[in-house]
Amino acid sequence: MELLPDISIFQFNNNTLNFVRKQYGLENKEILEDSIDHLVEWIKKQEHFMRKDFCKAREYLERLIIFNKGSLEKSKLKLDKLCTFRTLLPFFFQSFDIDNCQLLKELPKMTKEYYRVFVFKNYGQRFDGGFLDFFRYTLAIEFVHAHDYCTGVIGVFDYSDANIMEVLKALNLVELQQVLSLIQEGYGMRIKGLYFTTPSKAVDILIGLMKQVVSSKIGDRIKVFKSIDCLYDVIPKEMLPSDYGGKEKSMDELQSKLQFNKYFDYMNEARTNEALRSEEKFNNQCMGMPGSFRKLNVD
């Protein structure tokens, strides 16, 4: 891949391709192509993969390597984990209408550090149905994995108009841990920051709960801002939607028209057949996954 895709919702910095590759020692075209070839051959040998046409999608594999900082071994592990997550956690991958999501939007411009920013606006006062549907929406990261070229993601969670106490009642920490594992361990995305905006003091309880299910490294990247103005300290104002005082289109105008649903359903078939995986590989790679199961020996 020598040109970045021409996709309306993604804008790239002028030297994105060369800069990101250089970050991970992949600026040499021959080294990059050899790395992709190696990954292709490895995929062909994975009997437990139910779909192997990753081999044909060299751009997809290049991004996989990029998101794993140039490491082939990490790329193999993440791809295997992602396919396994689809098998062990199928409820996250059920077909749903992500194309018409009004709450979660990816911002067109990248930061100067080549991160992609997502904004989630929560208006809710009650959450009787829990947060599973929202967690499914976060898997729009699948599209970033296939078409973007960035060093990681930043999440902005606007809870200014939401009832935080009701959020606390509805939040399932197991589901939260699982979806964060999907993003990091499956899709291989580097989380630069998780930024919450709300004047509510109850958010401190929410952040305390979140830090129980994330690594200390991610926990240190969770920040709370009492107002939108404070958010400008970490995200350039011009990048943000006009709803937030920025120069970008409003949240409504940023609605995607990419028909992502079809692609998501297609990728959802990339699962594993655990009956074809050796027990040794299962123990080494699956036991630590949130929501995974253990094999029991009964006398």
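Contacts that span a long stretch of sequence dominate here: of the contacts in the chain with a separation of 6 or more, 76% join residues 24 or more positions apart, where contact stands for heavy atoms within 4.5 Å. The model is a predicted one, in which local features need pLDDT of at least 70, side-chain atom pairs count only at pLDDT 80 or more, and totals for chains, interfaces and linings use all residues. Residues are numbered from 1 along each chain as its sequence is written, and side-chain values use heavy atoms, with hydrogens and water left out.

As for the overall make-up, the chain holds 13 helices and five strands; these are DSSP runs numbered from the N terminus, with helices being H or I runs of at least four residues and strands E runs of at least two. Of its 299 residues, 54% count as buried. Buried is used for under 20% relative accessible area, exposed for over 50%, and partly exposed for what falls in between (1.4 Å probe, protein chains only). The accessible surface of the chain adds up to about 14700 Å², and carbon and sulfur atoms own 49% of that; the areas come from the Shrake-Rupley method with a 1.4 Å probe, and for residues only the protein chains shown count as cover.

Next comes the inside. Nonpolar side chains tend to be buried together in soluble globular proteins. The largest nonpolar core in this chain has 81 residues, and Phe54, Leu61, Phe92, Phe131, Tyr159 and Phe196 are those with the most contacts inside it. A nonpolar core, for the record, is a set of buried Ala, Val, Leu, Ile, Met, Phe, Trp, Tyr and Cys residues joined through side-chain atoms within 4.5 Å. At least three residues of this core come from each of domain 1 (15–92 + 261–283) and domain 2 (104–259), with the bounds taken from an automatic or database domain assignment. Another core, of 15 residues, lies apart from it and includes Tyr115, Val117, Phe225 and Met251. Setting aside residues up to four places away in sequence, Phe196 touches Phe157, Tyr159, Leu206, Ile207, Met210, Ile222, Lys223, Val224 and Phe225.

Thr197 sits in strand β4 (residues 191–197) and is buried, at 0% relative accessible area. Its side chain makes a polar contact with the side chain of Asp158 (3.1 Å). Such a contact is a pair of N or O atoms within 3.5 Å; within protein, one must be able to donate a hydrogen and the other to accept it, and residues adjacent in sequence count only if both atoms are side-chain atoms. Beyond four places in sequence, the residues in contact with Thr197 include Phe157, Tyr159, Phe225 and Leu231.

Arg51 is found in the loop between α2 (29–44) and α3 (58–67), yet this arginine is buried, with a relative accessible area of 15%. Its side chain has a polar contact with the side chain of Asp53 (3.2 Å), and a polar atom of the Arg51 side chain lies 2.6 Å from the backbone oxygen of Tyr266. With neighbours within four places left out, Arg51 is in contact with Tyr266, Glu269, Ala270 and Arg271.

Then there are the charged pairs. Side chains of opposite charge can pair when their charged atoms come close. The count of salt bridges comes to 18, each being a side-chain nitrogen of Lys or Arg within 4 Å of a carboxyl oxygen of Asp or Glu. One of them joins Arg21 and Glu62 (2.9 Å, N to O). That pair links distant parts of the chain, with Arg21 in helix α1 (residues 16–23) and Glu62 in helix α3, 41 residues apart. Both ends are tucked in: Arg21 is buried at 5%, and Glu62 is buried at 1%.

Glu142 and Arg86 also meet in a salt bridge (3.0 Å, N to O). Because Glu142 lies in helix α6 (residues 141–147) and Arg86 in helix α4 (residues 72–88), this pair ties together parts 56 residues apart in sequence. Glu142 and Arg86 are both buried. A further bridge brings Lys121 and Asp161 together (2.8 Å, N to O). Here Lys121 is buried, at 8% relative accessibility, whereas Asp161 is partly exposed, at 42%. Finally, Glu33, Asp37 and Arg58 are linked in a network of salt bridges.
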